[in-house]
Each structure stands twice: as C-alpha cells, then as structure tokens.
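Please walk through the structure shown below, beginning with its overall contacts and ending with individual side chains.

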Amino acid sequence: ELVWKLRPHKVIFLSPTGGLLDRQDRIISAVSLTNDYEALMQQPWLHSGMRLKLQQIYLSIVSTFLLQK
C-alpha cells in the first residue's frame, strides 16, 4: 500500500548479493523495468527468488502507473 501512496519513479533494490546478477554473476548496474522486464524474465540464469522479486517490483510499478491515470 505504501507504494501506491508514494507513487515512486525509481526503486532501489537491495539484496545480499549486492544487486541483480547477470549470467556471469556480475552485478547489473541499472535496470529499466519498463524496457528490460520482458527480456529479463526470459533469461534462464534469472533464478526463481530474483524472478519473483522482479515480478513484485514490476507489478507495483505498473499498478502505481495505472492508478495515476
């Protein structure tokens, strides 16, 4: 509910690994879920826990955007 009240434009994602890791376990410095979400979700190296977190963040952003209309 907080995300709907704040209507954030950016989300900082914290994880024990230091961020979202690519297929070579390097941190991806920035992700635009608007542009990158579909491609990221197709990657076999994106494990289930990280996939779920990205889905939750994406759905929060999309629902916030829809509420602004």
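**From contacts to side chains**

Of the contacts in the protein with a separation of 6 or more, 44% are accounted for by residues 24 or more positions apart. The model under discussion is a predicted one, and the protein in it holds three helices and zero strands, with the elements running α-α-α from the N terminus on.

Turning to the surface, the protein exposes about 5,600 Å², of which carbon and sulfur atoms supply 58%. Buried residues make up 19% of the 69 residues in the protein.

Helix α2, which spans residues 33-41, shows how such burial can be arranged, for L33, Y37, L40 and M41 are buried there. Seen down the axis of α2, these buried residues fall within an arc of 85°, so they line one face of the helix. The general geometry is worth recalling here: an α-helix has 3.6 residues a turn, so residues three or four places apart point the same way. On the other side of α2, N35 and E38 are exposed.

What does a search of the whole structure find in the way of salt bridges? The search finds one, and in the salt bridge that R26 forms with D22 the closest N and O atoms are 3.1 Å apart. As for the surroundings of the two partners, R26 is partly exposed, having a relative accessible area of 49%, whereas D22 has a relative accessibility of 16% and therefore counts as buried, the cut-off for that term being under 20%.

Note on methods. Residues numbered from 1 in each chain as written. Predicted model: local features only at pLDDT ≥ 70, side-chain atom pairs only at ≥ 80, totals over all residues. Heavy atoms only, no water. Buried < 20%, exposed > 50% of the residue type's maximum accessible area, 1.4 Å probe, protein only. Helix = DSSP H or I, 4+ residues; strand = E, 2+ residues; numbered from the N terminus. Arc of directions from axis to C-beta. Salt bridge = Lys/Arg side-chain N within 4 Å of Asp/Glu carboxyl O. Contact = heavy atoms within 4.5 Å. Areas by Shrake-Rupley, 256 points an atom, 1.4 Å probe, with all protein chains shown as cover.
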